[in-house]
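Reader: I have a protein model open and would like to learn how to read its aromatic rings. Could you walk me through them?

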Amino acid sequence: MDFEGLKKYSALHPKPAGLTLQYGTAGFRSEAQQLDHIMFRMGMLAVLRSRVTGATIGVMVTASHNPEEDNGVKLVDPLGEMLHPSWEEYATHLANAEDQELQKIVTEICQKAAVNQQKDASVFIGRDTRPSSKELSQAVIDGISVLGGQYHDYGLVTTPQLHYMVCCQNTQGQYGKPTLEGYYQKLSRAFTELIKKSLSSGEAQRQLKIDCANGIGALKLAEMENYFPKEVRIQIYNDGTKEKLNHLCGADFVKVHQKPPKGLDMKPNESCCSFDGDADRIVYYYQDMAGHFHLIDGDKIATLISIFLKELLAKVGQTLKMAVVQTAYANGSSTRYLEETVQVPVHCVKTGVKHLHHKAQEFDVGVYFEANGHGTVLFSKAAESTIRQLAKEEKDGAKREAAVVLENMIDLINQTVGDAISDMLVIEAILAMKGLTLQQWDALYADFPSRLLKVQVADRQVIDTTDAERRAVTPPGLQEKIDALVKKYKLSRAFVRPSGTEDVVRVYAEADTQVRA
């Protein structure tokens, strides 16, 4: 290791005195001006991770749905998944090291993780459209270079696109070509095949208004629009030319405030959806004739996809095991509908995409969505090869047809991570093939009324939970009080949990009426 070079470069990216940050579910996030040293060091960490795995690692510069003044960074592991939990600790350790200890900490990580310094290292970098992102990704490049790594800078891409590129690269192109062109072609080809099969072909165009949160999603959708079949017409709003990123718009705003974003004019019964700032979340919504706003969140997206896939799996006649994975925040009505009506097993895990993703990997087909609209579908290697084989060789026409649809679904879904563009195309294809309107989709079940609050506390760590964060273990007596309250109301449940990202405790309650909730 070139210690002189490390000293010289690290002086260009000094750590502000007294600042400590932790690598959480979403990596590091903070005000952009506090992150220069973090970016430099995450470039270094990506090189070490690449040497250990013998694979390309991704570094994405984004703060997703946070305000424009913020920024953040997350590392992407070889198959496009989130950074391995054991390395989150190294990330936090490296980020908070004082400048003069940097060399020592890097050496320690190399020893603990058995990093072979002689090995080649390769890193892919992507960034969102924030004003601070270009400069911060240059700091990442400095970190990669100082440890002798190779890099490919994709510039402006959505978070899911970078995850996709990393997976393509490390599967030697089996998952697809690691280029934007490759991404657009793979998704649009599968989507076009599915739309062709829709019952209503030759009828009215599918029209969709999309709020892109003034973020990267607008640029990438505009690039991809030429690839869409003419039966689909999208209109892009909040494209970033006039307003600030995520300001009064985007998936998070719509979900939290239960109202349409600024800058999108809604007419009754029009199909609308919103992406978040880095295009890895999506929610749908519409306004009824009486002017009431209806949100279709991640729970209903998971339900629609599950119904569709379950029907196809039944048609191909394979005993593939399918399940839906949710967190405690999923509306109880969706859980009940999935288990009792759709008859798909539902599993609950701790909050955070990595927990959902991990659990979904246990099934042949694992569907997971957080209520906020972040989610995807995972197909096991065995399930995928079975389906592809049936699509080629099955003699029974109806079975083969169902297998072909499933095969196109596999190609359309970004299995590495939740992807707003991919999820939107999946939803549009399913609605077209089932001949469903947004209103009919929304009417599958009615959500139980709920409330979600956050409470400022001196120390969130005094609350400890179990049972996928649905029950409090400490402080003693808290859970008994919650149980007593819940007993008083019909169809009710409630839980408290410490936030994983800020110093607050989150409180969730659900009941048969809004007043009781």
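## Reading the aromatic rings

Author: Happily! Let's begin with two residues: Tyr-337 and Tyr-445 are both buried. Keep in mind that this is a predicted model.

Reader: How is a pair of aromatic rings described?

Author: By the distance of the ring centres and the angle of the planes. For Tyr-337 and Tyr-445, the centres are 5.5 Å apart and the planes meet at 40°, so this pair is tilted. A tilted pair falls between the two cut-offs, because under 30 degrees counts as stacked and over 60 as edge-to-face.

Reader: Where do Tyr-337 and Tyr-445 lie?

Author: Tyr-337 is in helix 11 (residues 332-342), while Tyr-445 is in the loop between helix 16 (438-442) and strand 15 (450-456), so the pair ties together parts 108 residues apart in sequence. Tyr-445 has a charged partner too: the charged end of Lys-300 sits over its ring, 4.7 Å from the centre.

Reader: How many aromatic pairs are there?

Author: The count is 14 aromatic pairs. Take Tyr-285 and Phe-293: their ring centres are 5.5 Å apart with planes at 35°, so that pair is tilted.

Reader: Are Tyr-285 and Phe-293 buried or partly exposed?

Author: Tyr-285 is buried, at 0% relative accessible area. Phe-293 is partly exposed, with 22% relative accessibility; the cut-off for buried is under 20%.

Reader: Which residues form an aromatic cluster?

Author: Tyr-164, Tyr-175, Tyr-183, Tyr-184 and Tyr-227 form one. Look at Tyr-175 in that cluster: Lys-186 lies over its face, 3.7 Å from the ring centre.

Key: Residues are numbered from 1 along each chain as its sequence is written. This is a predicted model: local features need pLDDT of at least 70, side-chain atom pairs count only at pLDDT 80 or more; totals for chains, interfaces and linings use all residues. Side-chain values use heavy atoms; hydrogens and water are left out. Rings of Phe, Tyr and Trp (its six-membered ring) pair if their centres lie within 6.5 Å; planes under 30 degrees apart count as stacked, over 60 as edge-to-face and the rest as tilted. Buried means under 20% relative accessible area, exposed over 50%, partly exposed in between (1.4 Å probe, protein chains only). Helices (H or I, at least four residues) and strands (E, at least two) are DSSP runs, numbered from the N terminus. A charge sits over a ring if NZ of Lys or CZ of Arg is within 6 Å of the ring centre and within 35 degrees of the ring normal.
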